[in-house]
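Me: I would like a close look at one helix of this model, with the way it is buried, capped and covered. Please take me through it in one connected answer.

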Amino acid sequence: MAVTFSLSQDEQDLLSRLVVQVIGQRLAQEPVQAPNPLDYPENLRQHLGCFVTLTIHGYLRGCIGSIIGREPLVSNAWRMAQAAAFQDPRFAPLTRAEWPQTAVEITVLDALSPCPDPAKIVLGTHGLVLTLHGRSGVFLPQVPVEQGWDVPAYLSHLCAKAGLPDGSWKHPDAQLLWYEGFKFQATRP
């Protein structure tokens with residue numbers, strides 16, 4: 001399994017500006033207008049999942065994304081940026097005072113596929129999705145590395161995130177999917 005896309009530095013910069021701009025506009029209570037995908041390069045018009053993660057001094061401040069790309073990447077990133085800043089249920093909406101210290105990371109995801117063997121999971125490369133009995137949990141590829149988990153801990157925390165008992169990923173009805181992501185820091189003006 002390999003990442004099926006790449007983004008040039010110019011494409012990363014375009015996506016970064018879009019994400020940073022919409023958060024800044026919302027904080028300034030300026031009108032925002034959805035991007036027109038036709039104004040962007042073909043790579044940024046692909047239907048890809050993405051996550052936008054906000055941190056302040058290394059601490060999570062918001063993270064929202066979509067695993068499956070149901071719209072062009074520019075539209076998806078634009079929506080996820082706003083959701084991460086203002087709609088993550090774990091946090092109060094981002095404030096103007098916090099914005100200058102906020103780091104923005106964008107992770108673009110390739111397609112999900114069944115994980116053939118958990119022994120093949122490469123920490124830092126493979127993100128995981130677990131679904132069972134109407135519950136689901138997801139982790140971006142970088143999470144186990146940031147948390148210092150090995151593969152068994154990664155799977156254990158994935159079960160917990162889904163609200164399932166430890167080891168549920170082994171259940172015959174469980175669906176364990178993996179994917180890869182392309183992560184970069186959004187550049188700030």
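Reply: What follows is a reading of helix H4 and its surroundings. This is a predicted model, in which local features need pLDDT of at least 70 and side-chain atom pairs count only at pLDDT 80 or more, while totals for chains, interfaces and linings use all residues. Residues are numbered from 1 along each chain as its sequence is written, and side-chain values use heavy atoms, with hydrogens and water left out.

H4 spans residues 151–161; helices here are DSSP runs (H or I, at least four residues), as strands are (E, at least two), both numbered from the N terminus. Its buried residues are Val151, Tyr154, Leu155, Leu158 and Cys159, where buried means under 20% relative accessible area, exposed over 50% and partly exposed in between (1.4 Å probe, protein chains only). Seen down the axis of H4, these buried residues fall within an arc of 135°, so they line one face of the helix; the arc is that of the directions from the helix axis to the C-beta atoms. An α-helix has 3.6 residues a turn, so residues three or four places apart point the same way.

On the face of H4 turned away from the buried side sit the exposed residues Pro152 and Ala160. The cover over the buried residues includes strand E5 (126–132), strand E6 (135–139), helix H3 (143–147) and strand E7 (175–185), contact being heavy atoms within 4.5 Å.

As for the ends, Asp150 caps the N-terminal one, with a side-chain oxygen 2.9 Å from the backbone nitrogen of Ala153, and Gly163, whose phi is positive, near 75°, follows H4.

Key: Polar contact = N/O pair within 3.5 Å; in protein donor to acceptor, adjacent residues only side chain to side chain.
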